[in-house]
Amino acid sequence: MIYVLECKACGQRSFYDKSRCLDCGNDEFLCENPGTGQVISVSTVHVTPEGVREPNRLGLASFPGDANIIAQIGDSVSSGDDVVLKGGHELRDGRDGIVQGARLLPADG
């Protein structure tokens, strides 16, 4: 399951693990559903490391609580689109096999 960390003290949200809240310093977090985000920006990387798809489309999306994430996106996702973060997608072919992770997908599909 994909989740965001929400600070128990101030409510700041983040997709990335941390030991303390960057806003208030609290060290207690809740694991919450990220909800629906909106794509702020899209970029395409044409030269990638070995095992990473080419071209590799990436999107920066903002989710409720100011939680932002950069993740791979599909061809149908554009700036301004509503998206959800779903796991279990092949991101690259790593040294120890296929690496799976999250991808931004259209919220309506």
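Begin by selecting every cysteine in this predicted model, and note that the structure holds 0 disulfides. Move to C10, which is in no disulfide although the sulfur of C21, the nearest cysteine sulfur to it, is 3.6 Å away; a pair counts as a disulfide when the two sulfur atoms are within 2.5 Å, so the distance from C10 to C21 falls outside that cut-off. With the surface switched on, C10 can be seen as partly exposed, at 39% relative accessibility.

Then centre the view on C24, which is likewise in no disulfide and has its nearest cysteine sulfur, that of C7, at 3.6 Å. C24 also counts as partly exposed, with a relative accessibility of 41%.

Next, select N26, which lies in the loop between β2 and β3. Is N26 buried or exposed? Its relative accessible area is 17%, and N26 is therefore classed as buried, the cut-off being under 20%. To see what surrounds N26, display the residues that it touches beyond four places away in sequence, namely C7, K8 and A9 together with S19, R20 and C21.

From the loop, turn to the strands on either side of it. Colour β1, β2 and β3 separately, and an open sheet of 3 strands appears, arranged in the order β2-β1-β3 with antiparallel pairing. Why is one side of β2 and of β3 left without a neighbour in the sheet? Both strands, β2 at residues 13-14 and β3 at residues 29-32, stand at the edges and have a single partner strand each, so one side of each has no neighbouring strand in the sheet.

Zoom in on the pairing of β1, residues 4-7, with β2, which runs in the antiparallel sense over 2 bridges. Within this part of the sheet, select L5 and look across to S14 in β2, which stands opposite L5.

Finally, zoom out to the whole protein and show the cartoon, in which there are 0 helices and 8 strands, following one another along the sequence as β-β-β-β-β-β-β-β. The C-alpha atoms fill a box of roughly 40 × 35 × 20 Å along the principal axes, and 28% of the 109 residues count as buried. If contacts are drawn for residue pairs with a separation of 6 or more, 39% of them come from residues 24 or more positions apart.

With the surface shown once more, the protein exposes about 6,700 Å², of which carbon and sulfur atoms supply 46%. Colouring by charge brings out 10 positive and 16 negative side chains, and the centres of these two sets lie 2 Å apart.

Key
Residues numbered from 1 in each chain as written. Predicted model: local features only at pLDDT ≥ 70, side-chain atom pairs only at ≥ 80, totals over all residues. Heavy atoms only, no water. Pairing = 2+ DSSP bridges. Helix = DSSP H or I, 4+ residues; strand = E, 2+ residues; numbered from the N terminus. Buried < 20%, exposed > 50% of the residue type's maximum accessible area, 1.4 Å probe, protein only. Contact = heavy atoms within 4.5 Å. Areas by Shrake-Rupley, 256 points an atom, 1.4 Å probe, with all protein chains shown as cover. Lys, Arg positive; Asp, Glu negative; His and termini not counted. Charge placed at Lys NZ, Arg CZ, Asp CG, Glu CD.
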